[in-house]
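Biologist: I have a new model open and would love a guided tour. Could you take me through it step by step?

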Amino acid sequence: MQPAPQHLIRDMRSGDLATVVAIERNAHISPWGRISFEESLNQGHICRCIWQHQALLAYSVVQRIEDELHILNVVVTPSEQGQGWAHVLMNDIFTVAQNDRVKTVFLDVRESNTKAQSLYKKWGFGLLAVRKQYYRAPVANERENALVFMRTL
Ligand SMILES: CC(C)(COP(=O)(O)OP(=O)(O)OC[C@H]1O[C@@H](n2cnc3c(N)ncnc32)[C@H](O)[C@@H]1OP(=O)(O)O)[C@@H](O)C(=O)NCCC(=O)NCCS
């Protein structure tokens, strides 16, 4: 992990969504649409973004349910990947978790997404379950397993 240079982390706003959706389309196999981000903001999910030099580099969307956090989305814009920004996002999520006395954090990740799995394992997550054929695969009519990861605090 590289130390992250000067940056700002703040709550996502509706004015950020055009940029967020553009990053999402470039970064994800099955990108969220604008409506999913709007619903997340409206439902009070914890939506955070990292800015540096007026550029939005990365964002996360996390749902709080009682004493659980569910990480719904974690993205670093492709041109900025591999520089430690995902660690910065995870650090922000776990700061919230510790301040809010969260007991368990969950997430789903595609079986093929080994990069994200490596990130989550570094943050202490372990495999809880496999949801068979959960995701639509990039190849038409095929499905892909989801790995459910969990970490207790
Ligand atoms: C997964 C993702 C968020 C990682 O972002 P990133 O900026 O590249 O990550 P970082 O540079 O902070 O690295 C964090 C960790 O990710 C893993 N990682 C990053 N690049 C990797 C690579 N090329 N190969 C394997 N693991 C890699 C490593 O564990 C790394 O930790 P380390 O640097 O201490 O070894 C990014 O690839 C992304 O946005 N992908 C598309 C969206 C997505 O799949 N999100 C996760 C959904 S569950």
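**A tour of the fold, the core and the ligand shell**

Modeller: Gladly, and please keep in mind that this is a predicted model. In the protein chain, residues 24 or more positions apart account for 57% of the contacts with a separation of 6 or more.

Biologist: How many helices and strands does the protein chain have, and in what order do they run?

Modeller: The secondary structure comes to 4 helices and 7 strands. Reading from the N terminus on, the order of the elements is β-α-α-β-β-β-α-β-α-β-β.

Biologist: What is the radius of gyration of the protein chain?

Modeller: Let us begin with the box that the C-alpha atoms fill, roughly 40 × 35 × 35 Å along the principal axes. For 153 residues the globule rule gives 15 Å, and the chain comes close to that, so it is as compact as a globular protein of that length. The radius of gyration is 15 Å.

Biologist: Which element supplies the largest share of the largest nonpolar core?

Modeller: The largest nonpolar core has 33 residues, and those with the most contacts inside it are Ile 50, Ala 58, Leu 69, Ile 71, Trp 85, Leu 89 and Ile 93. At least two core residues come from each of helix H1 (17-27), S2, S3, S4, H3, S5 and strand S7 (143-152). The largest share, 7 residues, comes from H3.

Biologist: Which elements do the buried residues of H3 pack against?

Modeller: First, the helix itself: H3 has 15 residues and reaches 21 Å from its first C-alpha to its last, close to the 21 Å expected at 1.5 Å a residue. Its buried residues are Trp 85, Ala 86, Val 88, Leu 89, Met 90, Ile 93 and Ala 97. They pack against strand S2 (46-52), strand S3 (55-65), S4, strand S5 (104-110) and H4.

Biologist: Leaving aside neighbours within four places in sequence, which residues is Ala 58 in contact with?

Modeller: Ala 58 is one of the residues with the most contacts inside the largest nonpolar core. Once its neighbours within four places in sequence are left aside, the contacts of Ala 58 are Cys 49, Ile 50, Val 75, Val 76, Thr 77, Glu 80, Trp 85 and Leu 89.

Biologist: Is Val 20 buried or exposed?

Modeller: Val 20 has its place in helix H1. Not counting residues up to four places away in sequence, Val 20 touches Met 12, Phe 37, Leu 56 and Tyr 59. A residue needs 20 or more other C-beta atoms within 10 Å to count as buried. Val 20 has 23 of them, so the answer is buried.

Biologist: In the loop between H3 and S5, is Val 102 buried or exposed?

Modeller: Val 102 is indeed found in that loop. It touches Asp 67, Glu 68, Leu 69, Ala 97 and Leu 153, not counting residues up to four places away in sequence. With 21 other C-beta atoms within 10 Å, Val 102 is buried.

Biologist: And Arg 101, is that residue buried or exposed?

Modeller: Arg 101 also has its place in the loop between H3 and S5. Its phi is near 55°, a positive value in a residue other than glycine. To count as exposed, a residue may have 12 or fewer other C-beta atoms within 10 Å. Arg 101 has 8, so this residue is exposed.

Biologist: What is the phi of His 53?

Modeller: His 53 has its place in the loop between S2 and S3. With 9 C-beta neighbours inside 10 Å, His 53 counts as exposed. Its phi is positive although the residue is not glycine, with a value near 50°.

Biologist: Now for the ligand. Which element gives the largest share of the shell around the ligand?

Modeller: Of the 20 residues around the ligand, Val 76, Gln 81, Ala 86, Ser 118 and Leu 119 come nearest. Strand S4 (68-76), helix H3 (85-99) and helix H4 (114-122) are the elements that give two or more residues to the shell. The largest share, 5 residues, comes from H4.

Biologist: By class, how many residues of the shell around the ligand are nonpolar, polar and charged?

Modeller: Tyr and Cys count as nonpolar in this sorting, whereas Gly goes with the polar residues. Sorted that way, the shell has 10 nonpolar, 8 polar and 2 charged residues.

Key: Residues are numbered from 1 along each chain as its sequence is written. This is a predicted model: local features need pLDDT of at least 70, side-chain atom pairs count only at pLDDT 80 or more; totals for chains, interfaces and linings use all residues. A residue is near a molecule or strand if its C-beta atom, placed from the backbone, lies within 6 Å of it. The expected span of a helix is 1.5 Å times one less than its number of residues. Two residues are in contact if their C-beta atoms, placed from the backbone, lie within 7 Å. A nonpolar core is a set of buried Ala, Val, Leu, Ile, Met, Phe, Trp, Tyr and Cys residues joined through C-beta atoms within 7 Å. The radius of gyration is taken over C-alpha atoms; the globule rule is 2.2 Å times the number of residues to the power 0.38.
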